[in-house]
Amino acid sequence: MSQKQTPMIQQYLAEKEKQPDAFLFFRVGDFYEMFFEDAKKASQLLELTLTAKNKNTDNPIPMCGVPHHSVQSYIDTLVDQGYKVAICDQVETPQDTKEMLKREIVQVVTPGTKIDQERGENNYLTCIETSSQGYVLSYVDLGTGELQCTELETEEEVINECGQLQTKEVVRVHPLPTSLEEKLKERFSLIFSDHEAGEISRWSSLLENIVRPELRQCIADLLGYVADTQQCNLDHLQPAQYYQVDFYLQMDYYSKFNLELKKTIRTGKAEGTLFWLLNETKTAMGKRQLQRWIDRPLVKKAEIVARQEQVQILMDHYFERQRLVECFKGIYDLERLVSKVALGRVNARELGQLKQSLQYLPEIIDLLEEMEIPTVKHWKGYLPSLMELTDELEQALVEDLPLSTQEGGMIRKGYDATLDQYIEATENGVQWILELEAKEREKTGVKNLRIKFNNNSGYYIEVSKAAAKQITDERYIKKQTLANSERFSTVELKDLEKVLLEAKTKRIEREYELFVTLREKVKAQGPWLQRVAEEIATLDVLQSFAVLAEERNYCRPTFNEEHELKIIDGRHPVIEKVMGSNEYVPNDIVMDKNTYELLITGPNMSGKSTYMRQLALTVIMAQMGSFVPASQAKLPLFDQIFTRIGASDDLYSGKSTFMVEMMEASEALRKATPDSLLLFDELGRGTATFDGMALAQAIIEYIQQRVKAKTLFSTHYHELTVLADQFSEIKNIHVSAKEENGQLIFLHKMQPGAASQSYGIEVARLAQLPEELLIRAEAILQELESKEMTSTVVDTVQETKQENIDSSKEDTMSTVDMVAEEQLSLFQEEEEKVPDFCQELEQLDLMQTTPLDALLLLHRWQKEWRER
Ligand code: ADP
Ligand code: MG
């Protein structure tokens, strides 16, 4: 087909071949055009009119286009939907002599390489590879220059990490296991971008800190893709950092999801999340830093305490803090500006923003010194060179900067002598034109003679039709005749025009040169600027913590290695904020070093789930270095948090099955250590009473004997509360409620001991069920409590389980399996007790039964039951 095509279409096809999976935006004049399939698809996605090139031939080519000045929004629309866009520009300026302009792909914008994110968001491009130990993963944020890598063992860990990074694009050199790829695509709807292996030697300066060859290769692969798509150098990237997931408090993807750290389950928005609560940051860098800290709370006491100390200082210096916040408000996104500078994609206005931001540095440093914040020494060193840069920018840039770098108007008069000449020429030019106009009026005697300018014809003299007759001057050369006027030119005007246009072009060129020089000077300070940005980000988060601690009466937690947990007057920080501190009922959470588990019982809606989440959020905040919602908090340092929320808690809205719940529980039990925090909310609710209860009990015992992690276990199986009598490591607590004026009031107050089992009957009484019925219910309950199957079941399961644990070193699942098996045989025993008529009842075909038959059957069954 391409032989028949015009040279331009041939050129198009050659470029398209280089990026077959991207929309090719092909620059033609003032438009970016798309052809063929791209045009058809893009016209739908972007709501553009689909036309055709060579419409009237037998070979029409589908085509659509967008104006070059608004191309960005079209690119964003496509990329946000997970597509890639290759921008193919004219790489030489139009000249009359040549027919075909050279065009090249200058950049491929992909979901993972987009840098114009929403304020305060990261955009991570990831590369995942299998390795001898499992997996290696590297990621980069092109907009901020952050580059990191890690090793992961299991598929689950890879999924967790991708979930945490919210990566939208994964570079793939070799295929990953199909199951992993499918899970990643399904859960995060990310795209895979295939690319060839990268060269390690090309990136040696960024790989200094990385030793393992597999990690180095993974980073080289990642960067190779970035370099190819961006077609520019990547000077702003920071040397790769290695991290391990256990450098931080670990939480799997579902736990984070359940705890609503950054998005709520219902709306997917930030409002109502921990991030929403904590975010008092004022800068885009601070906002990103806060999100990173939420994802990765610390585990080392010294690091946490160092943050706490700065929060304390900021709290103790109210006025200095206010001034610091005022400075932060004026600071733009330095990290992103530095990246744009390095990528050569910064405009004049953004350089102005950089200048404005840097002007706050001296004051910030003064304030930090006044408060004696120790980290100030890190960055004081680079202040002089940054101030020099700021001065230079100040002298060079005008106040009101244009977006474009191609139209001049960026540089101040007096900054550059050469430029000043051109500026003078252009400015004087206006005067010269006015003078010439006056002179010509006088010479011709035409009062309404005007000298005008337009882009097509340049300068010209315009006189009205009537007055034109008066002009006999032979210097006047007719240019154009319009309905009401005539346009002329003169040699003098032509000469003047030449001078003026030349001055204008030269001015623009010179300004651009100076702009590039300035940009390079900024670029040279890039590493310092990144350090400053990092420090400001951290301080911004810390001041945010200080504001919160002060406004919401949080306390500074202490940490111990003795596994002691004592929170006095704890609150769920988000619910407290939503409902107000007067409404929220504070609760203590106390677990001494020998208490592993708290079994929480209480009616629905009494506050069990809230209490559990409250603990998780308190721990996360504490290990981020924040103060916590309590009047006193003494905490162990946790290594991992697992939360398992029961199926009917409507959080999974029907998606969760009992199997999923068990798989999650299994994972938690396998990975948890005595330093972990486990939250099991109504586990086993999703199944028939007996196996659910049996499994719940087995899990509680397994934790008590094997895992020894601090565990909160809320349950509606009241029978389980007897476990607290048997094991000193397990304690009961319950949520109290009371009746007031016939209304049931939840006090949301945790009390020691198990909830009263007759609770449901009390509620029923409030609902005014017949008294006779209630008395009967109480009798049945007593019977059940005194002997009967429930406790037998519990005991039997208990014993079997005990043997299993003692006699074998089976892993969790098999222990649980055995208990389940035992459970089956119990059910069989149960079945023998079931009266015969039950079987009959089950098999009865109601459609074939007359009312009379039914009555007779009922009568017989009643008799059998009574005589039993
Ligand atoms: P449960 O898990 O026992 O069914 P939840 O923890 O879901 O109960 O709490 C139900 C509602 O009670 C919550 O939505 C919350 O508004 C309120 N609540 C829970 N704990 C408290 C508390 N300590 N103070 C005030 N209101 C609370
Ligand atoms: Mg609940």
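**View 1. Gln10 sits in helix 1, residues 7-18.** Helices (H or I, at least four residues) and strands (E, at least two) are DSSP runs, numbered from the N terminus. This is a predicted model: local features need pLDDT of at least 70, side-chain atom pairs count only at pLDDT 80 or more, and totals for chains, interfaces and linings use all residues. Residues are numbered from 1 along each chain as its sequence is written, chains are lettered from A and ligands numbered from 1 in the order in which they are written, and side-chain values use heavy atoms, with hydrogens and water left out. Gln10 counts as partly exposed, because its relative accessibility is 35%. Here buried means under 20% relative accessible area, exposed over 50%, and partly exposed in between (1.4 Å probe, protein chains only). Gln10 and Glu37 are 27 residues apart in sequence. In space their C-alpha atoms are 15 Å apart.

**View 2. Helix 2 (residues 36-45) has buried residues on one side and exposed ones on the face turned away.** Phe36, Asp38, Ala39, Ala42 and Ser43 are its buried residues. These residues cover an arc of only 120° around the axis, which puts them on the same side of helix 2. The arc is that of the directions from the helix axis to the C-beta atoms. Glu37 and Gln44 are exposed on the face turned away from the buried side. The cover over the buried residues includes helix 1, strand 1, strand 2 (31-35) and strand 4 (61-67). Such contact means heavy atoms within 4.5 Å. Glu47 follows helix 2 with a positive phi, near 55°.

**View 3. Strand 5 (residues 84-90) pairs with strand 1 and with strand 6.** Two strands pair if DSSP finds at least two bridges between them. Strand 1 (residues 22-28) runs parallel to strand 5, and five bridges join them. Leu24 stands opposite Ala86 of strand 5. Strand 6 (residues 103-109) runs antiparallel to strand 5, with six bridges. There, Asp89 stands opposite Glu104. Six of the seven residues of strand 5 are buried, so the strand is largely enclosed by the rest of the structure.

**View 4. Six strands form an open sheet with mixed pairing.** The strand order is 11-10-7-8-9-12. Strand 11 and strand 12 (241-242) stand at the edges, each with a single partner strand, so one side of each has no neighbour in the sheet. Strand 7 and strand 8 pair in the antiparallel sense over seven bridges. Cys127 has Ser138 of strand 8 as its bridge partner. Helix 5 lies across strand 7, strand 8, strand 10 and strand 11. It runs at about 130° to strand 11. Axes are lines fitted to C-alpha atoms, for helices over the stretch in contact, and angles run from 0 to 180 degrees between N-to-C directions.

**View 5. Helix 5 (residues 178-188) buries Leu180, Glu181, Leu184 and Phe188.** The four span an arc of only 100° around the axis, which puts them on the same side of helix 5. Thr178, Glu182 and Glu186 are exposed on the face turned away from that side. The buried residues pack against strand 7 (125-131), strand 8 (134-141), strand 10 (169-172) and strand 11 (191-194). They also pack against helix 4 (155-165) and helix 7 (253-259). Ser189, just after helix 5, takes a positive phi of about 35°.

**View 6. An open sheet of four strands has mixed pairing.** Its order is 18-22-19-20. Strand 18 (558-560) and strand 20 (587-591) are the edges, each with a single partner strand, so one side of each is left without a neighbour in the sheet. Neighbouring strands are turned by 20° against each other on average, direction ignored. Strand 18 pairs with strand 22 (residues 632-636) in the parallel sense over three bridges. Phe559 has Leu635 of strand 22 as its bridge partner. Helix 22 (residues 608-624) lies across strand 18, strand 19 (565-570), strand 20 and strand 22. Helix 22 runs at about 75° to strand 20.

**View 7. Ligand 1 is surrounded by 14 residues.** A residue counts as near the ligand if one of its heavy atoms lies within 4 Å of it. The closest are Val585, Met605, Lys608, Ser609 and Thr610. A polar contact is a pair of N or O atoms within 3.5 Å. A nitrogen atom of ligand 1 is 2.8 Å from a polar backbone atom of Val585. An oxygen atom of ligand 1 lies 2.9 Å from a backbone N or O atom of Lys608. For Ser606, a backbone N or O atom lies 3.2 Å from an oxygen atom of ligand 1.

Terms used. A polar contact is a pair of N or O atoms within 3.5 Å; within protein, one must be able to donate a hydrogen and the other to accept it, and residues adjacent in sequence count only if both atoms are side-chain atoms.
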